[in-house]
Amino acid sequence: MNRRSSLASRPITLRSLLTKLGLFFCACLMIVSCSASQPGAQRGAKPGDYGRITLGTTANISTIDPADAYTSFEGMLLYNLSDRLYTYKLGTRELVPQLAMSLPKVSADGLTYTIPLRQGVVFHDGTPFDAAAMAFSLERFMKNGGSPSFLLSDAIDQVKASAPYELTIKLKKPFAAFPALLAFSGACAVSPKAYTIKEGEFKPKEVVGTGPYKLVAFNVDRLRLEPFEQYWGGKPSNAGIDVQIFSSPANLYNAFRTGAVDLATQSLAIEQIRNLKDSVAQKHWQIIEQAGSGIDYLTLNLNSPPLDQKAVRQAIAALVDRSLLQSRIFEQQVDPLYSLIPATLPEHVPTFKTQYGDRNIDKAKELLQKAGFSAQNPLKVELWYRSNLTNDQLSVVTLKALAKKTMGGMLELQLNGVESVTAYNNLDKGVYPMMLLDWTPDYIDADSYLQPFVDCTKGDAKNGCSDGQSVLQGSFYYSDRANQLLAQSRQEQNPMQRQKLFAELQAIVAEDVPFIPLWQSKDFLFAQQDILGASLEATQKIPFWKLQRSTASYPPT
């Protein structure tokens, strides 16, 4: 007899029916109660996996070979999979030793760095770490020719193991920010037994480093990291990390809202971030917000009339309204920026705010009149933007509308869009009179926000720059004084003296206006309520080893 026919043959009384319904509702209440106290269970954790954390992202991970990886999220993975000579103290921008034992000893000429190394460290494959292994790692980074290889190869003349646990690096020329560069994610230690030094040879799905986690699986949409039991720095607070890669911000957003992932970062759309922030007040989840290292700016081609006139460039700088962009386009998810150096660095001086302010229409009109423009003879300037970036398009449309509304017909911005790859391929050819661009530095130092913009290795005041960083930026800016100050700042080891040099450099940029800083990015990390230890560092990295699930979310044993 089957179950259905057996039940059907029994008589059903009113009392027995009510009793069964009462038991059913009690069971439902118990299930709901247990589920509410077990967020981890809601996210579909498998038995034995409750200590693992799932991080969702839309980031494109094409390689995690330290010698070739060059995106922000790839750098975040390397941050957790291997160690560098130097890193940043958690929660600060203070550079501290990691595989090094102390900050380097620098020779009097600023060229030779001697670094004592930590002992008792092993790689994920069991190979001992020493000076020879660190020298190998840096040599491979430079010689295999990956995307970021120039960062070290342009600076380093020679690296060698001067003792079993002492590294000596000789530079091509003085570079005071060099220790900060050694904190770059790809400048990490890799096992000499797992890699070779050969141009073009990479292992995009492997990392054999010294970090708190080892990579055990790299799939199209998922990476699995396990704690490294022999890590010298202590055991992570979780049983491992799963990185779930989503095809779109919408999918990531829905996965986080429904509890399918524990954390979400890089990248959600502006309206999605707004919605999640609004829900924070209802205690649905946590939000970690950090001033980013990225900046957005206008680059002005000084070889393109009428932008070859300083007064014209200054007028455009006076017109810009950063608060308008911040509120109308980004819903407060960026910060106004008044220098190429972000406000989060101590060297920042808001020179553009002092000299021009925001929407200083009277000053803008006065400068245009000085340059010979009027309502009858308006200034017409092409403003280019990357057409594949929605926020860029909205920003330039807003700037154009601002000029039309406030300048009385004296200024017309003519908008043109071009895809990002094409834009960057043509920047150094002088194709674009003015373009909206963004910049994220490779290392945290004021130098990384000025040298890549204003440095010129060949040029003169009359003809501008013909070779150098300002050419690559599309501005063709040349300033002999700026070049002198950059050279001095790279030789100067005294932080206070460097700060004075950077202050003068920022004043020069505000006066000459080869660039107009607009906004500084913000980074966001969203975490479910039961996740502890979630943080975004000043480097936009997430220390995976701090993450853990609240014990209240574990299933009963």
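These notes cover helices α13 and α19 of a predicted model.

1. Helix α13 spans residues 361-370, and its buried residues are Ile361, Ala364, Leu367 and Leu368. Viewed down the helix axis, the buried residues of α13 fall within an arc of 130 degrees, so they line one face. The spacing fits a general rule: an α-helix has 3.6 residues a turn, so residues three or four places apart point the same way.

2. The other face of α13, turned away from the buried side, carries Asp362, Glu366, Gln369 and Lys370, which are exposed.

3. The cover over the buried residues of α13 includes two helices, α10 (310-319) and α14 (390-406), and two strands, β14 (379-386) and β15 (411-418).

4. After α13 comes glycine 372, with a positive phi near 95 degrees.

5. Helix α19 covers residues 495-512, 18 residues in all. From first C-alpha to last it reaches 26 Å, close to the 26 Å expected at 1.5 Å a residue.

6. At the N-terminal end of α19, asparagine 494 acts as a cap: one of its side-chain oxygens lies 2.9 Å from the backbone nitrogen of methionine 496. Just beyond the helix, valine 513 has a positive phi of about 55 degrees.

7. The buried residues of α19 include Leu501, Phe502, Leu505, Ile508, Val509 and Ala510. Arg498, Gln506 and Asp512 are buried as well.

8. Among the elements covering the buried residues of α19 are α10, α12 (351-355), α16 (447-454), α18 (480-491) and β19 (515-528). Helix α10 is also listed among the elements that cover the buried residues of α13.

Definitions and conventions:
Residues are numbered from 1 along each chain as its sequence is written. This is a predicted model: local features need pLDDT of at least 70, side-chain atom pairs count only at pLDDT 80 or more; totals for chains, interfaces and linings use all residues. Side-chain values use heavy atoms; hydrogens and water are left out. Buried means under 20% relative accessible area, exposed over 50%, partly exposed in between (1.4 Å probe, protein chains only). Helices (H or I, at least four residues) and strands (E, at least two) are DSSP runs, numbered from the N terminus. The arc is that of the directions from the helix axis to the C-beta atoms. Contact means heavy atoms within 4.5 Å. The expected span of a helix is 1.5 Å times one less than its number of residues. A polar contact is a pair of N or O atoms within 3.5 Å; within protein, one must be able to donate a hydrogen and the other to accept it, and residues adjacent in sequence count only if both atoms are side-chain atoms.
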